[in-house]
Amino acid sequence: MAIVIDKPRCPQNHPCPSIRVCPVGALLQNGFDAPVVDHEKCITCGKCVSFCPMGAIKEA
Ligand code: SF4
């Protein structure tokens, strides 16, 4: 299982709020772009998945 970003669901016009809930700093954002997951750091805890109000972060 891996965490993936569903880019079309992300409006890409705000600081990603899910970055704050990641316990290991695995979500990265460049400007207001859709965030990217650092799979080396991610422990697939799922916190960002349930936190993203747009449903743009998923387990795949
Ligand atoms: S699943 Fe957990 S560790 Fe991985 S990016 Fe989301 S909040 Fe961070």
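Two residues count as being in contact here if their C-beta atoms, placed from the backbone, lie within 7 Å. Keep that in mind for the first look at this predicted model: among the contacts in the protein with a separation of 6 or more, 53% are between residues 24 or more positions apart.

**Stop 1: the whole chain**

Start with a cartoon view and colour by secondary structure. You should find one helix and four strands. Walking from the N terminus, the order of the elements is β-β-β-α-β. The radius of gyration of the protein is 10 Å, close to the 10 Å that the globule rule gives for 60 residues, so the protein is as compact as a globular protein of that length. Switch to the C-alpha trace, and its spans along the principal axes come to about 25 × 20 × 15 Å. As for burial, 22% of the 60 residues count as buried.

**Stop 2: the ligand**

Now select the ligand and bring up what is around it. Which residues are closest? Cys 22, Ala 26, Cys 42, Cys 45 and Cys 48 are, out of 14 residues that surround the ligand. Colour that shell by class and you get 11 nonpolar residues, two polar ones and one charged one.

**Stop 3: the nonpolar core**

Next, pick out the largest nonpolar core, which has 11 residues. Type in Ile 3, Ile 5, Cys 10, Cys 16, Cys 22, Ala 26, Leu 27, Cys 48, Cys 52, Ala 56 and Ile 57 to see the full set. Cys 22, Ala 26 and Cys 48 should look familiar, since they were also among the residues closest to the ligand. While you are here, click on Cys 52. Leaving aside neighbours within four places in sequence, Cys 52 is in contact with Ser 18 and with Ile 57.

**Stop 4: the helix and Lys 47**

Move on to helix α1, which covers residues 47-51, and select Lys 47 in it. Is Lys 47 buried or partly exposed? Lys 47 has 18 C-beta neighbours inside 10 Å, so it counts as partly exposed; a buried residue would need 20 or more. Show what Lys 47 touches, skipping residues up to four places away in sequence, and you land on Val 21, Cys 22 and Pro 23. For a distance check, draw a line from Lys 47 to Ile 57: the two are 10 residues apart in sequence, and their C-alpha atoms are 9.7 Å apart.

Just step back along the chain to Thr 44, in the loop between β3 (36-37) and α1. Its phi is near 50°, a positive value in a residue other than glycine. Thr 44 has 14 C-beta neighbours inside 10 Å and therefore counts as partly exposed.

**Stop 5: the loop between β1 and β2**

Swing round to the loop between β1 (3-5) and β2 (27-28), and begin with Pro 11. Pro 11 is exposed, because there are 10 other C-beta atoms within 10 Å. Pro 11 and Ile 43 are 32 residues apart in sequence, and 25 Å apart in space from C-alpha to C-alpha.

Gln 12 sits in this loop too. What is its phi? The phi of Gln 12 is near 55°, a positive value in a residue other than glycine. With 15 C-beta neighbours inside 10 Å, Gln 12 counts as partly exposed.

Asn 13 is also in the loop between β1 and β2. Asn 13 counts as exposed, given its 6 C-beta neighbours inside 10 Å. Select Asp 33 along with Asn 13: the pair is 20 residues apart along the chain, with 7.4 Å between the C-alpha atoms.

**Stop 6: across to Gly 31**

Finish in the loop between β2 and β3, where you will find Gly 31. Gly 31 has 6 other C-beta atoms within 10 Å, so it is exposed. Add Pro 15 to the selection: Gly 31 and Pro 15 are 16 residues apart in sequence and 7.5 Å apart in space, C-alpha to C-alpha.

Notes: Residues numbered from 1 in each chain as written. Predicted model: local features only at pLDDT ≥ 70, side-chain atom pairs only at ≥ 80, totals over all residues. Near = placed C-beta within 6 Å. Nonpolar A, V, L, I, M, F, W, Y, C, P; charged D, E, K, R; others polar. Helix = DSSP H or I, 4+ residues; strand = E, 2+ residues; numbered from the N terminus. Rg over C-alpha atoms; globule rule 2.2 N^0.38 Å. Buried ≥ 20, exposed ≤ 12 C-beta atoms within 10 Å, placed from the backbone. Core = buried A, V, L, I, M, F, W, Y, C linked by C-beta atoms within 7 Å.
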